[in-house]
Amino acid sequence: MVQLVNLFLSAGYEICFASAAAKSEFSFNLKDIGVEEREIRLNDDGFNIFLKEVNPGMVLFDRFMVEEQYGWRVQQECPGALRILDTEDLHCLRHARHLAIKTGSPLHTVHLFTDVAKREIAAILRCDLSLIISEIEMNILQEQFRIDPSLIYYLPFLEEELSAKNIQSWKNFEQREGFVFIGNFLHEPNRHTLQVLKTEIWPVLRKKLPDATLHIYGAYPSQKILQLHQNKENFHVHGRAKNAGDVISRHKVLLAPIRFGAGVKGKFIEAMQVGTPSVTTVMGAEAMRGELDWNGVITDDPGLFIDAAVQLYQDKGYWQSAQLNGVQIINNRYCKQQFTRPFIEAIKILSLDLTAHRQHNFVGQILQHNSLNSTKYMSLWIAEKNSKGK
């Protein structure tokens, strides 16, 4: 989200960031980069007044749930505003993969067609454009859900190119110790991955490398997660990292035996940016490397996963080669200069012919129709109930 904010700022847009979420001490300070911040509420007609005041030419929703809550109000008050949905990742895909894991069955197409998918696809159809972070998800939307290509746009992470100066600043092989995993523990795939590390990977890996340590970082750890900390097992749970790149850079190898999820994983971007090779699964590395070599090893086999971790941890030449693979991935797949100008141009073209674009997406207009606006009327009912209560 911060990358998108910076992208629009660089293109000369004025930005008002509105959120119903409570700010915390860790919230990014958008005011410091010239962005107006406004507090809004759920199920509240005050948002309509706010829209009239701001009169935006473009509105970007962060995930489909936000579009459900506010999209109809935007359509009502600012019908000419370009509506963009930032999916972050396909929630219906992550949900489908989680279902398959829980039931112990292979992932089938039928797992995709859930109520979550109906809600998410409806939001995509109601918007003028949806940002998709993964090429795999672009294909799924077009092939499985028959989404018109004009409604979706591939926009991955937008990173600075890694220069020789960046690489020279990295800690070298001898300056690092231990393995690392990092992830927000409000996110179910991260909690599941931690459990796999604790019960399947680390007991065997520690026998092969008795002096090695594993360091776990992540915001919002529950008491159950904190209790996994065991000094005698060299398994260290640290909680939230003040700076993700800094803590990843201290360790030799990132371990991420991810079994389900969607989108692309920021932890691997951060690891590549500080020269930390990684061992992960096919799911973990999905859509991240294209045809390039991974900055480490990709395997779904636990035994091979552990062997790869040992080799990367001990073999300096192999480790350095993996580092350079990460540089190639960042510079060829995520360098922001490749994506920013084409995206802004696409937005401008879309804005100039928005009426024709919406006519082409007639299904989206159907979904805006009152008879299908269940979320709208639920929100109005809650707003009325709240006003009566006051």
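Select histidine 236 to begin: this residue is buried, with a relative accessible area of 13%. The model is a predicted one. Histidine 236 is found in strand β9. Display side chains around this residue, and a polar contact of 3.3 Å appears between the side chains of histidine 236 and asparagine 231. Beyond residues up to four places away in sequence, histidine 236 touches Thr213, Leu214, His215, Ile216, His229 and Asn231.

**The six-stranded sheet**

Next, select the sheet to which β9 belongs. Its 6 strands form an open sheet with parallel pairing, in the order β9-β8-β7-β10-β11-β12. Strands β9 (235–239) and β12 (296–298) stand at the edges with a single partner strand each, so one side of each has no neighbour in the sheet. From one strand to the next, the twist averages 20°.

Within this sheet, colour residues 179–182 and 214–217. These are strands β7 and β8, which pair in the parallel sense over 4 bridges. Phenylalanine 179 has leucine 214 in β8 as its bridge partner. Leucine 214 is also among the residues touched by histidine 236.

**Helices on the sheet**

Now add residues 302–314, which form helix α12. This helix packs on the sheet and touches β7, β10, β11 and β12. The direction of α12 makes about 175° with that of β11.

Select residues 266–273 for helix α11, which lies across β7, β10 (253–256) and β11 (278–280). Helix α11 runs at about 170° to β10.

**The loop between β11 and β12**

Move to alanine 287, which is found in the loop between β11 and β12. Its phi is near 65°, a positive value in a residue other than glycine. Most residues other than glycine have a negative phi. Is alanine 287 buried or exposed? At 16% relative accessibility, alanine 287 counts as buried, because the cut-off for that class is under 20% relative accessible area.

**The bent helix α8**

Select residues 188–208, helix α8, and view the helix from the side. Its 21 residues reach 29 Å from the first C-alpha to the last, close to the 30 Å expected at 1.5 Å a residue. Where does α8 bend? The bend, of about 50°, is at isoleucine 201, and proline 203 follows within four residues. Isoleucine 201 is one of the buried residues of α8. The others in that set are Pro189, Asn190, Thr193, Leu194, Val196, Leu197, Lys198, Trp202 and Leu205.

**The four-stranded sheet**

Turn next to the sheet made of β3, β4, β5 and β6. These 4 strands form an open sheet in the order β3-β4-β5-β6, and the pairing is parallel. Strands β3 (58–62) and β6 (152–154) are the edge strands, each pairing on one side only. The twist here averages 25° from one strand to the next.

Highlight residues 129–132, strand β5, together with β6: the two pair in the parallel sense over 3 bridges. The bridge partner of leucine 131 in β6 is tyrosine 153.

**The loop before β6**

Select arginine 146, whose place is in the loop between α6 (135–143) and β6. Phi of arginine 146 is near 55°, a positive value in a residue other than glycine. With 64% relative accessibility, arginine 146 counts as exposed, because exposed means over 50%.

**Around helices α4 and α5**

The last stops lie around α4 and α5. Select histidine 111, found in the loop between α4 (91–103) and α5 (115–126). At 13% relative accessibility, histidine 111 counts as buried. Which backbone atom does the side chain of histidine 111 reach? The side chain extends to the backbone nitrogen of histidine 108, at 2.9 Å. Leaving aside residues up to four places away in sequence, histidine 111 touches Ala96, Leu99, Ala100, Ser105 and Pro106.

Finally, select lysine 118, which lies in helix α5. Lysine 118 counts as exposed, at 56% relative accessibility. Add cysteine 92 and draw the C-alpha to C-alpha distance: lysine 118 and cysteine 92 are 8.5 Å apart in space and 26 residues apart in sequence.

Technical notes: Residues numbered from 1 in each chain as written. Predicted model: local features only at pLDDT ≥ 70, side-chain atom pairs only at ≥ 80, totals over all residues. Heavy atoms only, no water. Pairing = 2+ DSSP bridges. Axes fitted to C-alpha atoms, helices over the stretch in contact; angles between N-to-C directions. Contact = heavy atoms within 4.5 Å. Buried < 20%, exposed > 50% of the residue type's maximum accessible area, 1.4 Å probe, protein only. Polar contact = N/O pair within 3.5 Å; in protein donor to acceptor, adjacent residues only side chain to side chain. Expected span 1.5 Å × (residues − 1). Bend = angle between axes of the 7 residues up to and from the residue.
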